[in-house]
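Colleague: I have just opened this structure and would like to learn how to read it. Could you walk me through a few features?

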Amino acid sequence: MQPALFPDRRFAAFLFDMDGTLLTSIRASERVWSAWARGHGVDVEAFLPTIHGKRAIETVRQLGLPGIDVEAETAIITRGEIADVDGVEPIGGAAAFLASLPPGRWTIVTSASRELAERRLGAAGLPVPPAMVTAEDVTHGKPAPDCFLLAAQRLGVPIADCLVFEDAPAGIAAAEAAGASVAVITATHTHPVATRHPVLPGYHTVVCQSTATGGLAFF
């Protein structure tokens with residue numbers, strides 16, 4: 001067996017971001033956001049890199065566009081994303097890796113709404129875990145740590161004993177602020193990522209092993 005990525009750690013639970021971490025929805029998401037941005041006179045090329053890893057409402061609010069109803073515009077974008085799942089696919093090895101994990105020892109922590117998350121997971125053929133945390137569940141989205149803290153609470157484990165799988169800077173920052181360990185998934189990255197955390201291109205070569213004391217070892 002290959003060496004453990006965290007040789008001195010045994011985890012109580014795994015917390016997964018969704019978009020860019022378990023599945024890729026970039027093409028669908030950027031189609032919807034591009035159309036919305038053009039309609040509001042926003043520079044699409046400069047804007048698109050800012051949409052990933054955060055809740056839609058915070059992305060819209062941060063633009064500071066005059067005279068718009070942020071919640072109404074967010075609802076328009078969300079409806080568009082729910083309608084467009086063309087090209088949504090699982091990250092390599094994600095389905096098999098999730099299937100290998102003990103029930104109740106993992107969940108998804110996403111900036112998407114619940115309806116959108118369920119729609120994309122269904123399109124990618126991935127399961128919806130009972131304790132999933134979505135945009136509606138927290139007041140402050142990533143990079144605030146609230147979502148990961150809530151996920152650990154729902155699973156009944158300390159956040160310090162969790163391993164977070166993330167791909168976006170906002171999510172990585174949220175996991176760090178929460179006090180979790182982090183593994184960075186780079187399957188959808190087009191440029192090398194600068195990070196102090198272990199980096200994985202996908203899930204084909206990794207395994208989870210339950211230890212005699214009940215912890216999860218990650219290889």
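Modeller: Gladly; we will go through a strand, its partners, a loop residue and the empty spaces. Keep in mind that this is a predicted model.

Colleague: Let's begin with strand β5. How many of its residues are buried?

Modeller: A residue counts as buried when its relative accessible area is under 20%. In strand β5, residues 162-166, 5 of the 5 residues are buried, so the strand is largely enclosed by the rest of the structure.

Colleague: Which residues of β5 point one way, and which the other way?

Modeller: The general idea is that side chains in a regular strand alternate between the two faces of the sheet. Here, Cys-162, Val-164 and Glu-166 point one way, while Leu-163 and Phe-165 point the other way. Residues on both sides are buried, Glu-166 included.

Colleague: And in which sense do β1 and β5 pair?

Modeller: Strand β1, residues 13-16, pairs with β5 in the parallel sense, over 4 bridges. To find one of them, look at Leu-15, whose bridge partner in β5 is Val-164. β5 also pairs with strand β6, residues 181-185, again parallel and over 4 bridges. There, Phe-165 has Ala-183 as its bridge partner. Between β5 and β6 the chain passes through helix α8, residues 169-178, making a right-handed β-α-β crossover.

Colleague: Where is Thr-186 found, and is it buried or exposed?

Modeller: Thr-186 is found in the loop between β6 and β7. Its relative accessible area is 18%, and the cut-off for buried is under 20%, so Thr-186 counts as buried. Leaving aside residues up to four places away in sequence, Thr-186 touches Val-193, Val-199, Leu-200 and Pro-201.

Colleague: Now the spaces. How much space lies in the largest pocket, and which residues lie nearest its centre?

Modeller: A pocket is open, whereas a cavity is a space a probe cannot get out of. The largest pocket holds about 950 Å³. Its lining has 42 residues, with Asp-19, Ile-51, His-52, Gly-53 and Lys-54 nearest the centre. Elements giving two or more residues to this lining are α1, α3, α4, α6 and α8. By class, the lining has 16 nonpolar, 16 polar and 10 charged residues.

Colleague: How many cavities of 30 Å³ or more does the structure hold?

Modeller: There is 1 such cavity, and the largest cavity has about 40 Å³ of space. Among the residues lining the largest cavity are Arg-55, Thr-110, Val-133, Lys-142 and Cys-147. That lining comprises 4 nonpolar, 4 polar and 2 charged residues.

Terms used:
Residues are numbered from 1 along each chain as its sequence is written. This is a predicted model: local features need pLDDT of at least 70, side-chain atom pairs count only at pLDDT 80 or more; totals for chains, interfaces and linings use all residues. Side-chain values use heavy atoms; hydrogens and water are left out. On a 1 Å grid over the protein atoms alone, a cavity is a set of points where a 1.4 Å probe fits but cannot get out, and a pocket is an open set with protein on both sides within 12 Å along at least five of seven lines; lining residues have an atom within 4 Å of a point. Grid points are joined across faces, edges and corners, and a volume is the space filled by probe spheres set on the points. Ala, Val, Leu, Ile, Met, Phe, Trp, Tyr, Cys and Pro count as nonpolar, Asp, Glu, Lys and Arg as charged, and the others, Gly among them, as polar. Buried means under 20% relative accessible area, exposed over 50%, partly exposed in between (1.4 Å probe, protein chains only). Two strands pair if DSSP finds at least two bridges between them. A crossover is right-handed if, with the strands pointing away from the viewer, the path from the first strand over the helix to the second runs clockwise. Contact means heavy atoms within 4.5 Å.
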